[in-house]
Amino acid sequence: MKQNMRHTAIIGSGIVGLAHAWAAARQGDRVTVIERSDKARGASVRNFGMFWPIGQTLEYYPIALRSGELWTEFTQAMGITQRPCGSACIVDRDDEAAVLEEFAQLAPDLGVACELWTRAQAESRCPGVRTGIAKAALFSPAECNVDPRESLAALPIYLQEKYGVRFRWDTTVTHVETDKLRIASGESFSFDQIIICSGHDFQTLFPNVFKQAPIKVCKLQMLRTVPQPQGWSLGPMLASGLTLRHYDSFSICPSHAGMKQRIAQETPELDHYGIHVMASQDKNGGLVLGDSHEYDSDIEIFDKAEIDRLMLRELHRLYDFPDWTIAERWHGIYAKCTQGPIFRAEPLTRVHIATGTGGSGMTLSFGLAESFIQSQLSPI
Ligand SMILES: Cc1cc2nc3c(=O)[nH]c(=O)nc-3n(C[C@H](O)[C@H](O)[C@H](O)COP(=O)(O)OP(=O)(O)OC[C@H]3O[C@@H](n4cnc5c(N)ncnc54)[C@H](O)[C@@H]3O)c2cc1C
């Protein structure tokens, strides 16, 4: 090991922490990741595992594509699941179909690859779509599906084996200064720089920074079915017309505002809980279904049966899966920056905060971390 290597500490082993660890290690840093739990247990293992460039604003579409290259590099090296399945947004209303048509027309000039499908195409390519329901569909080939639990378990091994990244599990960082951090046992360790990727924990480190920050906390409820029978495959990951109001990329379409208004008037209960419906398939064949969005003070400890009922109502309307038996229910909480894809701050010299990736952490983290490490952290 070179004597003059910069020693970087990463706090948090969610996807944001691991992405920064990877980027710093690739640049030649000696890296130590410190994680409070025995393994990643936060938002990064509770998500759909959707790598979802089509939902990103145009500015960040290239960052998403770069993240995709890095996902492929990692999954191929570790021999773990990455389904290059693409995504299909299935819509059943005229105004939603208009948004898809408008987006498909704009897409070539925007550099976004996608294809408008008829009902017949949607039904033949997506076996889970209910017969006769689709008005249109938008297929995007860029999306792929990873299993978050498998990936977040394999990434530390990859970083350890390939780059010598060290991991300290079951270790909570309680205090950070320039060049130094303290853990709950009272021990202190020195580093050249510290990157705090602590997800939605705004209380432990630099709470005052978060009080002022353009950032909120969001709770999402999720469901998983039992494995589908006889190797049944979902095909592309599925989104719905409701999804179009959730991702900023579609707001460039002239029909978007009217569509949102119509949904708000017709089904205020869906807006109330921020519900839109998506489906991905895990490596065992189970369908991961969701989701809802409750923010800040609306967040309660207990999950709401009403939210599950509404999500399943909408999912049943559009899809006809072979086995709807629900095997697992859970919620995840993420931090969301309201002014961009990630919240960054430098509360002390060479101490950086990186969090707030909202619903796009699996899609953007690798690319965002790489550009940050390359552009902002000059070697000491
Ligand atoms: C239900 C759900 C579905 C989603 N679906 C998708 C999707 O399909 N595609 C997509 O791109 N994104 C998705 N997301 C978003 C994505 O999961 C998040 O953006 C991302 O996981 C955030 O990663 P993180 O590393 O910031 O947070 P986390 O994964 O929560 O990790 C933070 C880590 O920091 C640790 N930590 C905190 N404080 C300390 C401390 N003081 N000392 C030591 N360790 C500490 C925690 O223990 C935790 O492990 C989804 C999110 C949820 C919740």
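**Notes on a predicted model**

1. Let's start with a single residue: D296 is exposed, because just 10 other C-beta atoms lie within 10 Å of its own and a residue with 12 or fewer gets that label. One thing to keep in mind throughout is that this is a predicted model. D296 sits in the loop between β18 and α10 (305-318). Its phi is near 40 degrees, a positive value in a residue other than glycine. As background, most residues other than glycine have a negative phi.

2. R350 is another one to click on. Its phi is near 60 degrees, again a positive value in a residue other than glycine. You'll find R350 in the loop between β20 (343-348) and β21 (351-355). Buried, exposed or partly exposed: which label does R350 get? R350 counts as partly exposed, because it has 16 C-beta neighbours inside 10 Å, and that label covers counts between the exposed limit of 12 and the buried limit of 20.

3. While you're checking the backbone, look at the step from G290 to D291. That peptide bond is cis, with omega near -5 degrees. In general, most peptide bonds are trans. D291 belongs to the loop between β17 (286-290) and β18 (294-295).

4. Now zoom out to the whole chain. It has eleven helices and 21 strands. The C-alpha trace spans about 65 × 40 × 40 Å along its principal axes. A compact globule of 380 residues would have a radius of gyration near 21 Å, and the chain has 21 Å, so the two agree. Buried residues account for 48% of the 380 residues. Of the contacts with a separation of 6 or more, 77% join residues 24 or more positions apart.

5. How is the chain divided up? The domain assignment gives domain 1 (1-86 + 144-214 + 341-380) and domain 2 (90-141 + 215-337). Both are built from separate stretches of sequence, as those ranges show, so colouring by domain helps a lot on a first look. The C-alpha centres of the two domains lie 27 Å apart. The contact between them takes 30 residues from domain 1 and 29 residues from domain 2. On the domain 1 side, the residues touching domain 2 split into 13 nonpolar, 14 polar and three charged.

6. Next, the interior. The largest nonpolar core has 108 residues, and A21, I90, A137 and L238 have the most contacts inside it. α1 provides the largest share of this core, nine residues. Domain 1 and domain 2 each supply at least three residues to this core. For background, nonpolar side chains tend to be buried together in soluble globular proteins.

7. A137 is worth a closer look. Leaving out residues up to four places away in sequence, A137 touches A88, C89, I90, V91, W117, Q121 and A122. I90, one of those partners, is also among the core residues with the most contacts.

8. Finally, the ligand. Which residues come nearest to the ligand? Of the 44 around it, they are G12, G14, G42, G332 and G361. The shell residues divide into 16 nonpolar, 22 polar and six charged. Four elements each supply at least two residues of the shell: α1 (15-27), β14 (215-227), β19 (326-337) and α11 (361-376). Domain 1 and domain 2 each give the shell at least three residues. α1 therefore turns up twice in this note, in the core and around the ligand.

Notes: Residues are numbered from 1 along each chain as its sequence is written. This is a predicted model: local features need pLDDT of at least 70, side-chain atom pairs count only at pLDDT 80 or more; totals for chains, interfaces and linings use all residues. A residue is near a molecule or strand if its C-beta atom, placed from the backbone, lies within 6 Å of it. Ala, Val, Leu, Ile, Met, Phe, Trp, Tyr, Cys and Pro count as nonpolar, Asp, Glu, Lys and Arg as charged, and the others, Gly among them, as polar. Domain bounds come from an automatic or database domain assignment. A nonpolar core is a set of buried Ala, Val, Leu, Ile, Met, Phe, Trp, Tyr and Cys residues joined through C-beta atoms within 7 Å. Two residues are in contact if their C-beta atoms, placed from the backbone, lie within 7 Å. The radius of gyration is taken over C-alpha atoms; the globule rule is 2.2 Å times the number of residues to the power 0.38.
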